[in-house]
Amino acid sequence: MPSNKLYFITDAHLGAGSDSLDRERELCSLLDMMKVDAAMIVFLGDMFDFWFTYRYVVPKGFVRLLGKMAELSDAGIDLHFFIGNHDMWLFDYLPSQMKIAMHSDPETLMFDGKKFLVGHGDGLGHLDKQYDIIRWIFRNKTNQWLFAHVPSGLTFGIANAWSHRSRRGHIKKNPKIFEYQGDDREGIVIYCKQQLELQHIDYCVFGHRHTPLVRDLGGGSTYVNVGDFLINRSYAEYCDGKIEVKKWIR
């Protein structure tokens with residue numbers, strides 16, 4: 001079959017929940033399906049619930065996904081990874097081992113003559129000033145250097161506890177957090193509309209919100225939220241001028 005499709009996958013949060021290993025197996029099955037006709041696969045971040053790239057040590061687990069990424073890269077598929085708020089510390093591991101293009105912020109990608117604005121989605125629109133501060137702290141290179149010198153057993157314990165507590169806290173505060181909040185309360189949509197004032201974009205494709213959605217932004221532009229692989233098992237597929245969010249069923 002011709003390799004003519006563009007796929008997006010996001011928010012698997014491997015390492016979170018007792019079903020993480022089963023979720024990883026399902027994800028690898030999905031990537032096997034994509035391998036058949038994919039020209040490009042874009043990972044939109046938070047594929048891991050936590051990751052830190054140490055100089056000599058690879059975090060335990062995730063060998064199935066890492067091996068599958070290497071297999072896809074060796075097959076000549078163009079791979080991109082946009083870091084999320086849970087795996088922002090991937091650094092150079094994927095590029096050096098698997099030739100995956102890493103992106104720390106939203107960027108435009110061209111495919112099939114169409115312009116895609118792509119990113120994870122956290123911090124966009126600046127609706128949460130507290131998170132903006134936390135994001136700056138986590139991305140600060142001095143803080144990253146200091147964190148790298150803390151024993152890994154301690155750093156992973158801290159990070160996993162933080163992640164689980166943060167997730168529960170957000171859901172408790174707003175039980176409908178993963179429902180579409182409206183254009184003026186969705187930071188990613190606010191950001192996309194700002195970018196559309198500067199340039200034409202055919203598709204704005206993001207993750208982070210865990211809300212599968214395809215929405216017309218007007219002027220020939222479409223907003224797509226891929227949803228997540230954590231709960232929805234959703235992914236997005238583009239081919240011949242059409243983009244769809246689909247649910248993976250083995």
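Which side chain makes a polar contact with the side chain of lysine 5? That of glutamate 237, at 3.4 Å. This is a predicted model, and what follows is a quick tour of it: lysine 5 and its surroundings, an open sheet of five strands, the nonpolar cores, and the cysteines.

**Lysine 5**

- Lysine 5 sits in strand E1, which covers residues 5-9.
- Is lysine 5 buried or exposed? Its relative accessibility is 17%, and since buried means under 20%, lysine 5 counts as buried.
- Setting aside residues up to four places away in sequence, lysine 5 touches Asp37, Ala38, Ala39, Met40, Phe111, Glu237, Tyr238 and Cys239.
- Glu237 on that list of contacts is also the polar partner mentioned at the top.
- Cysteine 239, another of those contacts, is itself buried, with a relative accessible area of 17%.

**The open sheet**

- The five strands run in the order E5-E6-E7-E9-E8, and the pairing is mixed.
- E5 and strand E8 (213-218) are at the edges; each has a single partner strand, so one side of each has no neighbour in the sheet.
- On average, neighbouring strands here are turned by 25 degrees against each other, ignoring direction.
- Helix H7 (residues 187-196) packs on this sheet and touches E6, strand E7 (203-206), E8 and E9. The direction of H7 makes about 155 degrees with that of E9.
- At one edge, E5 (residues 107-111) pairs with E6 (residues 114-119) in the antiparallel sense, over five bridges. To find one of these pairs, look at glutamate 107, whose bridge partner in E6 is valine 118.
- E5 and E6 make a hairpin with two residues between them. In the turn, aspartate 112 has a positive phi of about 55 degrees.
- At the other edge, E8 pairs with strand E9 (residues 221-225), again antiparallel and over five bridges. Here arginine 215 has tyrosine 223 in E9 as its bridge partner.

**E2 and E3**

- E2 and E3 pair in the parallel sense, over four bridges.
- Valine 42 stands opposite histidine 80 in E3.
- Four of the five residues of E3 are buried, so this strand is largely enclosed by the rest of the structure.

**Nonpolar cores**

- In soluble globular proteins, nonpolar side chains tend to be buried together.
- The largest nonpolar core here has 37 residues, and the members that touch the most others are Leu27, Ile41, Phe43, Phe81 and Leu94.
- Two or more residues each come from E1, helix H1 (20-35), strand E2 (38-43), helix H2 (63-74), strand E3 (78-82) and helix H3 (93-98).
- Leucine 27 is in contact with Ile9, Ala12, Leu14, Met47, Leu65 and Phe229, leaving out its neighbours within four places in sequence.
- Another core, of 17 residues, lies apart from the largest one; among its members are Met40, Leu109, Ala236 and Tyr238. Met40 and Tyr238 also turn up among the contacts of lysine 5.

**Cysteines**

- How many disulfides does the model have? The count comes to zero.
- Cysteine 192 is in no disulfide, and the nearest cysteine sulfur, belonging to cysteine 204, is 3.8 Å away. The cut-off for a disulfide is 2.5 Å between the sulfur atoms, so this pair does not qualify.
- Cysteine 192 is buried, with a relative accessible area of 0%.

Note on methods:
Residues are numbered from 1 along each chain as its sequence is written. This is a predicted model: local features need pLDDT of at least 70, side-chain atom pairs count only at pLDDT 80 or more; totals for chains, interfaces and linings use all residues. Side-chain values use heavy atoms; hydrogens and water are left out. Buried means under 20% relative accessible area, exposed over 50%, partly exposed in between (1.4 Å probe, protein chains only). A polar contact is a pair of N or O atoms within 3.5 Å; within protein, one must be able to donate a hydrogen and the other to accept it, and residues adjacent in sequence count only if both atoms are side-chain atoms. Contact means heavy atoms within 4.5 Å. Two strands pair if DSSP finds at least two bridges between them. Axes are lines fitted to C-alpha atoms, for helices over the stretch in contact, and angles run from 0 to 180 degrees between N-to-C directions. A nonpolar core is a set of buried Ala, Val, Leu, Ile, Met, Phe, Trp, Tyr and Cys residues joined through side-chain atoms within 4.5 Å.
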